[in-house]
Amino acid sequence: MKPIFLLTLILATQIACHSQTGNKEPMEKNPYYSRTDTKKLHITNAEWKKVLPPDLYAVAREAATERPFTGKYWDADVKGSYYCAVCGNPLFRSDAKFASSCGWPSFFEPLRANSVIYKEDNSIGMQRTEVICERCGSHLGHIFDDGPPPTHKRFCMNSVSLDFEPDPGAH
């Protein structure tokens, strides 16, 4: 009986971890998620709170920041595309990702110039530029001028705000 209980516990833990850290749940629960629809969304935070997991809601809608070196993409190097975890908007290609050692996934350019928008952020006593998803208005992270060529930009993103789709055959 103990092996069955242990196996059940392991499976339940894996399912719980997947639904908290994987972005399949937001896609299934979230009727606004689409990787093909480019129409700008005008959804209230009250509605987002109903369809987003709490950790994603805190970062995307309340501009919280995940702890460095804890997100699932900060050191990922698989080829593929990154999307907004809230709405599915295409944001970055892995070819623009670089190891910045800051603890968050970093990119030197967005997939399209209009994938993201920028907003002055003077919170926490600093002058920064916030990066926001153009389609849904969700907080993704910040941009800095210390990235590699050719742009010299560092889009410092929260992993929880990103959804990733590996290229076919990528490992």
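Is Asn30 buried or exposed? In this predicted model, Asn30 counts as buried because its relative accessibility is 3%, which falls under the 20% limit for that class. Asn30 lies in the loop between α2 (residues 24-29) and α3, and its C-alpha atom is separated by 6.9 Å from that of Leu52, a residue 22 positions away along the chain. Both Asn30 and Leu52 appear among the residues touched by Val86, a residue that is taken up again below in connection with the nonpolar core.

The overall organisation may be described before the individual sites. The secondary structure of the protein amounts to four helices and nine strands, and along the sequence the four helices are followed by the nine strands, in the pattern α-α-α-α-β-β-β-β-β-β-β-β-β. Of the 171 residues of the protein, 43% count as buried, while the accessible surface comes to about 9600 Å², with 59% of that area belonging to carbon and sulfur atoms. When contacts with a separation of 6 or more are considered, 56% of them in this protein are accounted for by residues 24 or more positions apart.

In soluble globular proteins, nonpolar side chains tend to be buried together. In the present model, the largest nonpolar core has 29 residues, and those with the most contacts inside it are Trp48, Cys84, Val86, Cys136, Leu140, Phe155 and Met157. Two or more residues are given to this core by each of the elements α3 (45-51), α4, β1 (80-84), β2 (90-93), β6 (128-133), β7 (139-144), β8 (154-157) and β9 (162-166); the largest share, four residues, comes from α4. That helix spans residues 54-62, and its buried residues are Leu56, Tyr57, Val59, Ala60 and Arg61. Helix α4 is followed by Ala63, whose phi is positive, near 60°. The surroundings of Val86 illustrate how parts of the chain meet at the core: leaving aside residues up to four places away in sequence, Val86 touches Asn30, Tyr33, Trp48, Leu52, Leu56, Ala60, Cys136 and Ser138. Of these contacts of Val86, Leu56 and Ala60 are buried residues of α4, whereas Trp48 and Cys136 are listed with Val86 itself among the residues with the most contacts inside the core.

Two buried loop residues, Gly103 and Ser159, were examined next. Gly103 has its place in the loop between β3 (97-98) and β4 (106-107), and it counts as buried because its relative accessibility is 2%. Apart from residues up to four places away in sequence, Gly103 touches Pro68, Phe69 and Trp74, and its C-alpha atom is separated by 9.4 Å from that of Tyr73, 30 residues away along the chain. Ser159, in the loop between β8 and β9, is likewise classed as buried, because its relative accessibility is 1%. With residues up to four places away in sequence again left out, Ser159 touches Glu66, Gly71, Lys72, Tyr73, Trp74 and Pro105. Trp74 is thus touched by both Gly103 and Ser159.

Several loop positions have notable backbone geometry. Phe69, one of the residues touched by Gly103, is located in the loop between α4 and β1 and has a positive phi of about 65° although it is not a glycine. With a relative accessibility of 46%, Phe69 counts as partly exposed. Ile124, found in the loop between β5 (116-121) and β6, also has a positive phi in a residue other than glycine, near 50°; Ile124 is exposed, its relative accessible area being 64%. A cis peptide bond, with omega near 10°, leads from Pro149 to Pro150, and Pro150 lies in the loop between β7 and β8.

Empty space at the protein surface was also considered. The second largest pocket has a volume of about 170 Å³. Of the 15 residues that line this pocket, those closest to its centre are Ala76, Asp77, Lys97, Phe98 and Ala99. By residue class, the lining divides into seven nonpolar, four polar and four charged residues. Among the residues closest to the pocket centre, Lys97 and Phe98 are the residues that make up strand β3 (97-98).

Terms used: Residues are numbered from 1 along each chain as its sequence is written. This is a predicted model: local features need pLDDT of at least 70, side-chain atom pairs count only at pLDDT 80 or more; totals for chains, interfaces and linings use all residues. Side-chain values use heavy atoms; hydrogens and water are left out. Buried means under 20% relative accessible area, exposed over 50%, partly exposed in between (1.4 Å probe, protein chains only). On a 1 Å grid over the protein atoms alone, a cavity is a set of points where a 1.4 Å probe fits but cannot get out, and a pocket is an open set with protein on both sides within 12 Å along at least five of seven lines; lining residues have an atom within 4 Å of a point. Grid points are joined across faces, edges and corners, and a volume is the space filled by probe spheres set on the points. Ala, Val, Leu, Ile, Met, Phe, Trp, Tyr, Cys and Pro count as nonpolar, Asp, Glu, Lys and Arg as charged, and the others, Gly among them, as polar. Contact means heavy atoms within 4.5 Å. Accessible areas come from the Shrake-Rupley method with a 1.4 Å probe; for residues, only the protein chains shown count as cover. A nonpolar core is a set of buried Ala, Val, Leu, Ile, Met, Phe, Trp, Tyr and Cys residues joined through side-chain atoms within 4.5 Å.
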